[in-house]
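Please look over the sequence and the structure below before reading the briefing on pockets that follows.

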Amino acid sequence: MGMKLERIIPKSYLRWVREKLDYLDLKIDEIGFVTLQIYFSLALSAITIFFFKNLILSFVAFFVGFIFFIFLLYLSVENSKKFAEVVLPEYISLLSSNIKSGMTLEAAIVASCRKEFGIIDKIFRRIGKEIYSGKSVEEVLDKYSKKYKIDVLQRFLYLLKEGVKKGSKISDLLFEISEDLRSRNVLKKELRAIVSLYVMFIFFAAAFGMPILFGIVTYFVQTIQTIAPKDFEAKLPINLPLSFKGINIDKEFINNFAILMIFITSFFSSMMIGALKEGNEKIGLKYFPLILAIALGVYFVVQFFVSQILGFLIF
């Protein structure tokens, strides 16, 4: 199975998966991950075709299952990066204190590691071990800067490398870096608080406002089509070659159009929320299932209540 997958799956995708799995330090290779991804997608497709007896929906289900695994892997990496940005100032502060107390750089790197630092703990334990094994500090720092593409970590490793190379007082440099990173994290929290009002507006507009509007409008369009005579024709009072005939729109088409628009709006709204809240629109896709579920629920509930309340007035 593994050899066959290597021939079928693009090598660029396998490399991307391998890079993300290495980053998360998961005990599974890229072939195992893709195999699990395909089995999950096939199971989802089989369940869909069993319940809905629709081949197109089963293909859609397979695609959704495949994309779900990609998004799950991507989101795990992004969450790990986010956590690294939060704990890195604490690690650097400990590193500065240990160096100031008289430890060598490699000893301080390992001694400052804590399990609660997560990925930062793993990265710097490996850095310390490689320096202990005899490799140069610059070479090791360069290697991990390229491997773990976290902006603040890359900048820190670069500054640390330059400080070691130029022989500056490392403890003071590290203290200043930790304070700068703390200030940066505080500023990011303040910015999130400022944009939270815009995020709430987008969320309520997509999850409640739009489906309520669609629920009312689609019901009235369907009602007008039901009560309007098929041979109805209205002409304008002025002498223009225009006339209006009876409405002939399929009810199923109206309903499907509304659901499609809710799906599209929920998708782009979630990306907008991600861009505003996290600075990355892709991360916002984690809000998409929640917004879509609420919006569809509101849409069908509004349709039901409008038909119950207004139905007896019309008929």
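The points below describe two pockets, with notes on how the values were obtained.

This is a predicted model, in which local features need pLDDT of at least 70 and side-chain atom pairs count only at pLDDT 80 or more, while totals for chains, interfaces and linings use all residues. Residues are numbered from 1 along each chain as its sequence is written, and side-chain values use heavy atoms, with hydrogens and water left out.

**Largest pocket**
- The largest pocket (an open set of points on a 1 Å grid over the protein atoms alone, where a 1.4 Å probe fits, with protein on both sides within 12 Å along at least five of seven lines) holds about 1000 Å³ of space, a volume being the space filled by probe spheres set on points joined across faces, edges and corners.
- It is lined by 25 residues, of which Val64, Ile67, Phe68, Phe263 and Phe288 are the closest to its centre, where lining means having an atom within 4 Å of a point.
- Helix 4 (55-100) is among the elements that supply at least two lining residues, along with helix 3 (30-52), helix 10 (251-277) and helix 11 (288-314), and helix 4 gives the largest share, 13 residues; helices are DSSP runs (H or I, at least four residues), numbered from the N terminus.
- By class, this lining has 21 nonpolar, two polar and two charged residues, with Ala, Val, Leu, Ile, Met, Phe, Trp, Tyr, Cys and Pro counted as nonpolar, Asp, Glu, Lys and Arg as charged, and the others, Gly among them, as polar.

**Second largest pocket**
- The second largest pocket has a volume of about 280 Å³, and of its 15 lining residues Glu78, Lys81, Glu85, Asp151 and Lys188 are the closest to its centre.
- Two or more lining residues come from each of helix 4, helix 8 (151-166) and helix 9 (170-227), with helix 4 giving the largest share, four residues.
- The lining of the second largest pocket divides into two nonpolar, two polar and 11 charged residues.
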